[in-house]
Amino acid sequence: EELLREGQELEPTNIVRRGLSEIYRMRFEKSFQRTEDGQYSAQVKLLDIALKLDPSNPRVPEEVARLARVKGVNASQELIKSLQLVLAEGNATTATHAWLAEAYLVQDNHAKALIHLKQVVTVLPNSPKYLNNLAYVTAELEPENIDQAVEYARRAVLVSSKSGNLNADYY
């Protein structure tokens, strides 16, 4: 970290900013822990620092999306704005969409989950977990697309059976 800070002072570059941002993001990730009461704790200020060091770091909004799924840790307004911005610009990573899909499923907000599940399955067409969730949400929200929902479920079964990890919760 010290070398990166010196480099930042001598000649600030995007690579140095990203490196420093990643140090703080990883520190945040290490601070992320489950508490005895089943909630979570984390040092969100570390993520705020990561964002300030490199506002274009795509891994920061991923972490903010992950926070949406857990109880006990709240993102700052700046972090929430960074997530909203990457979503609005269409620059969210697949992991960001996956975290948000899971958060919306837990909240029973299937309409919002559907948007993110479609993004995930577009990039990860052989993920049984997301295929299965997409099948369920499609069948629930778009009964006119039941054939598509059945196809997603069929693919989930096929992929998971080929991998040897057939999950009884699917389908």
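Which helix supplies the largest share of the lining of the largest pocket? That would be helix 5, with 4 residues. (Helices here are DSSP runs of H or I, at least four residues, numbered from the N terminus.)

Before we look closer, a word on the model. It is predicted, so local features need pLDDT of at least 70 and side-chain atom pairs count only at pLDDT 80 or more, while totals for chains, interfaces and linings use all residues. Residues are numbered from 1 along each chain as its sequence is written, and side-chain values use heavy atoms, leaving out hydrogens and water.

Start with helix 5 itself, residues 77–88. Its 12 residues should span 16 Å, at 1.5 Å times one less than the number of residues, and the end C-alpha atoms are indeed 16 Å apart. Leu79, Ser82, Leu83 and Val86 are buried in this helix (under 20% relative accessible area with a 1.4 Å probe, protein chains only; exposed means over 50%). Looking down the axis of helix 5, you'd find its buried residues within an arc of 95°, so they line one face (the arc uses directions from the axis to the C-beta atoms). The face turned away from them carries exposed Gln77 and Ala88. What do the buried residues pack against? Helix 3 (44–53), helix 4 (59–67) and helix 6 (94–106). After helix 5 comes Gly90, with a positive phi near 75°.

Now back to the pocket. Its lining counts 16 residues, with Val64, Ala68, Ile80, Leu83 and Leu100 nearest the centre (lining residues have an atom within 4 Å of a pocket point on a 1 Å grid over the protein atoms alone, where a 1.4 Å probe fits; a pocket is an open set with protein on both sides within 12 Å along at least five of seven lines). Helix 4, helix 5 and helix 6 each supply at least two lining residues.

How values were computed. Contact means heavy atoms within 4.5 Å.
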